[in-house]
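Thanks, everyone. I'll keep this short: pockets first, then one residue.

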Amino acid sequence: MVASVTSLGRSGLYDWMVQRVTAVVLAVYILFLLGYFVLTPDLSYEAWSGLFANTCMKIFTIMALVSLSAHAWVGMWTISTDYLKNGLVRFLFQAFCGGVMFVYFVWGVQILWGL
């Protein structure tokens with residue numbers, strides 16, 4: 001049996017489940033933010049800052065960041081294994097995508113928690 005070392009999951013089913021679960025988390029997060037925009041017509045910096053000062057919102061946002069990273073990784077891994085046949089090109093593409101996702105995640109945590 002061949003083991004894939006670059007896949008996020010242990011199997012295709014696991015990757016499929018990661019895609020579905022992370023998509024649900026991202027959809028709920030986006031719908032929440034859209035609802036907040038609609039229900040807060042006089043949105044100000046203070047209201048927006050107050051929303052993200054709440055610990056529950058910070059945790060929800062971290063969940064969304066993790067979900068975005070996992071969702072993007074599975075998607076880009078799938079695309080790269082399907083369309084990039086050269087091993088070096090595929091590795092470089094996956095390393096670049098992983099690096100970008102890591103930077104975005106750390107940047108998001110810094111913005112959110114003010115670290």
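Remember that this is a predicted model. Start with the chemistry of the largest pocket. Its lining divides into twelve nonpolar residues, two polar and no charged. The volume of this largest pocket is about 210 Å³. It has 14 lining residues, and the closest to its centre are L68, V100, M101, Y104 and F105. Two elements give two or more residues to that lining: helix 3, residues 55-83, and helix 4, residues 87-113. Helix 4 gives the most, with nine residues.

Now the second largest pocket. It holds about 160 Å³ of space. Which residues line the second largest pocket? On the list are Y29, L33, W48, F52, T61, L65, G108, I111 and L112. At least two residues each come from helix 1, helix 2 (45-53), helix 3 and helix 4. Helix 4 again gives the most to the lining of this second largest pocket, here with three residues. By type, the lining of the second largest pocket has seven nonpolar residues, two polar and no charged.

Let me pick out L33, one of the residues in that second lining. L33 sits in helix 1, which covers residues 12-39. Is L33 buried or exposed? Its relative accessibility is 16%, so L33 counts as buried. Look at what surrounds it. Beyond its neighbours within four places in sequence, L33 is in contact with W48, L51, F52 and M57. W48 and F52 also appear in the lining of the second largest pocket. For scale along the chain, take A23: it is ten residues from L33 in sequence, and the C-alpha atoms are 15 Å apart.

That's my part. Comments, please.

Technical notes. Residues numbered from 1 in each chain as written. Predicted model: local features only at pLDDT ≥ 70, side-chain atom pairs only at ≥ 80, totals over all residues. Heavy atoms only, no water. Helix = DSSP H or I, 4+ residues; strand = E, 2+ residues; numbered from the N terminus. Buried < 20%, exposed > 50% of the residue type's maximum accessible area, 1.4 Å probe, protein only. Contact = heavy atoms within 4.5 Å. 1 Å grid on protein atoms, 1.4 Å probe; cavity = no way out; pocket = protein on both sides within 12 Å on 5 of 7 lines; lining within 4 Å. Points joined across faces, edges and corners; volume = space filled by probe spheres on them. Nonpolar A, V, L, I, M, F, W, Y, C, P; charged D, E, K, R; others polar.
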